Amino acid sequence: MQQQEIEKCAVAAARALGLSHGPVHAEFRINEEGIWPLEVAPRPIGGLCARALRFVSSESDEVIGLEELLLRQAVEMPVGDWRRETAASGVMMIPVPASGVLEGVEGESAARAVVGVTDLEITARVA
C-alpha cells in the first residue's frame with residue numbers, strides 16, 4: 001500500500017513540473033505524517049547506483065546499462081525490446097547519523113561474504 005502512495009506522489013510531482021517523457025529521479029522522506037518529496041528532477045539515477053539497472057534484449061544475449069538504454073531512446077533507436085534483467089539488484093546508501101569525520105570503515109570482509117553480494121564500493125574518504 002505504501003508503495004502505491006509513493007507512486008501517486010511521484011506522478012503528481014512529475015506532472016506539477018510538466019514532466020511527461022524520459023527519466024525522472026525522485027526521492028522522498030516517509031514518516032507518520034505522510035510522504036514528502038525531497039527531490040524530483042528530469043534525470044536518471046546516476047553514478048554508481050545506475051550499475052544496479054541492467055537490461056537485456058530478447059533478440060540477443062547483449063546486456064546494456066541504464067545510460068546506454070537512455071541514449072538509445074534519445075536518438076530514437078528502438079528500445080521496446082529491452083527489459084530489466086530478471087535477477088534482483090539493489091544499492092544501499094548508508095545514511096550518515098551525525099556530523100563528524102570518518103575515521104575508519106569496518107566489516108568489509110563480512111559484507112562481501114554475504115550470499116548475493118557481488119560488489120562493495122566505499123566512496124567516502126577516511127580522514
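## Asking how we know

Visitor: Which residues does Ile 64 touch, not counting those up to four places away in sequence?

Guide: In this predicted model, the list for Ile 64 is Leu 53, Arg 54, Phe 55, Leu 69, Arg 72 and Trp 82. To count as a contact, heavy atoms have to be within 4.5 Å.

Visitor: What makes up the largest nonpolar core?

Guide: Six residues do: Phe 55, Ile 64, Leu 66, Leu 69, Leu 70 and Trp 82. Helix α2, residues 66-74, gives the largest share of this core, with three residues. Being nonpolar isn't enough here, because the members also have to be buried and joined through side-chain atoms within 4.5 Å.

Visitor: Why is Leu 69 called buried?

Guide: Leu 69 has a relative accessibility of 13%, and the label needs a value under 20%. So Leu 69 passes and counts as buried. Leu 69 lies in helix α2.

Visitor: What does Leu 69 touch, not counting residues up to four places away in sequence?

Guide: Phe 55, Ile 64, Val 79 and Trp 82 are in contact with Leu 69. As for Arg 54, it sits 15 residues from Leu 69 in sequence, with the C-alpha atoms 9.0 Å apart in space.

Visitor: Why does Glu 76 count as exposed?

Guide: Its relative accessibility is 74%, and exposed means over 50%. Glu 76 therefore gets that label. You'll find Glu 76 in the loop between α2 and β5 (82-84).

Visitor: What makes the phi of Glu 76 worth a look?

Guide: It's a positive value, near 60°, in a residue other than glycine. Most residues other than glycine have a negative phi.

Visitor: Why is Gly 34 called partly exposed?

Guide: Gly 34 comes in at 22% relative accessibility. Buried would need under 20% and exposed over 50%, so a value in between is partly exposed. Gly 34 belongs to strand β2, residues 34-41, and the C-alpha atoms of Gly 34 and Ile 6 are separated by 9.5 Å, with their positions 28 residues apart along the chain.

Visitor: And why does Asn 31 count as partly exposed?

Guide: Asn 31 has a relative accessible area of 34%, which lands between the 20% and 50% cut-offs, so the label is partly exposed. Asn 31 is part of strand β1, residues 25-31. From Asn 31 to Leu 70, 39 residues apart along the chain, the C-alpha atoms are 33 Å apart.

Visitor: Why is Val 126 partly exposed?

Guide: Val 126 shows 44% relative accessible area. That's not over 50% and not under 20%, so Val 126 is partly exposed.

Visitor: Where is Val 126, and how do you know what it contacts?

Guide: Val 126 is in the segment after α3 (108-112). Leaving aside its neighbours within four places in sequence, Val 126 is in contact with Leu 102, Glu 103, Gly 104 and Val 105, judged by heavy atoms within 4.5 Å. The C-alpha atoms of Val 126 and Val 101 are 7.9 Å apart, for residues 25 apart along the chain.

Visitor: Zooming out, how do the elements of the protein chain run from the N terminus on?

Guide: The order is α-β-β-β-β-α-β-α, with three helices and five strands in the chain.

Visitor: Why is the chain called more spread out than a compact globule?

Guide: The radius of gyration is 18 Å, and the globule rule gives 14 Å for 127 residues. The chain is well over that, so it is more spread out than a compact globule. The C-alpha atoms fill a box of roughly 50 × 40 × 30 Å along the principal axes.

Visitor: What share of the residues is buried?

Guide: Buried residues are 14% of the 127. The protein chain exposes about 10300 Å², with carbon and sulfur atoms supplying 55% of it.

Visitor: How far apart are the mean positions of the positive and negative charges?

Guide: They are 2 Å apart, for 11 positive and 19 negative charges.

Notes: Residues are numbered from 1 along each chain as its sequence is written. This is a predicted model: local features need pLDDT of at least 70, side-chain atom pairs count only at pLDDT 80 or more; totals for chains, interfaces and linings use all residues. Side-chain values use heavy atoms; hydrogens and water are left out. Helices (H or I, at least four residues) and strands (E, at least two) are DSSP runs, numbered from the N terminus. The radius of gyration is taken over C-alpha atoms; the globule rule is 2.2 Å times the number of residues to the power 0.38. Buried means under 20% relative accessible area, exposed over 50%, partly exposed in between (1.4 Å probe, protein chains only). Accessible areas come from the Shrake-Rupley method with a 1.4 Å probe; for residues, only the protein chains shown count as cover. Lys and Arg count as positive and Asp and Glu as negative; His and the chain ends are not counted. The place of a charge is taken as NZ of Lys, CZ of Arg, CG of Asp or CD of Glu.
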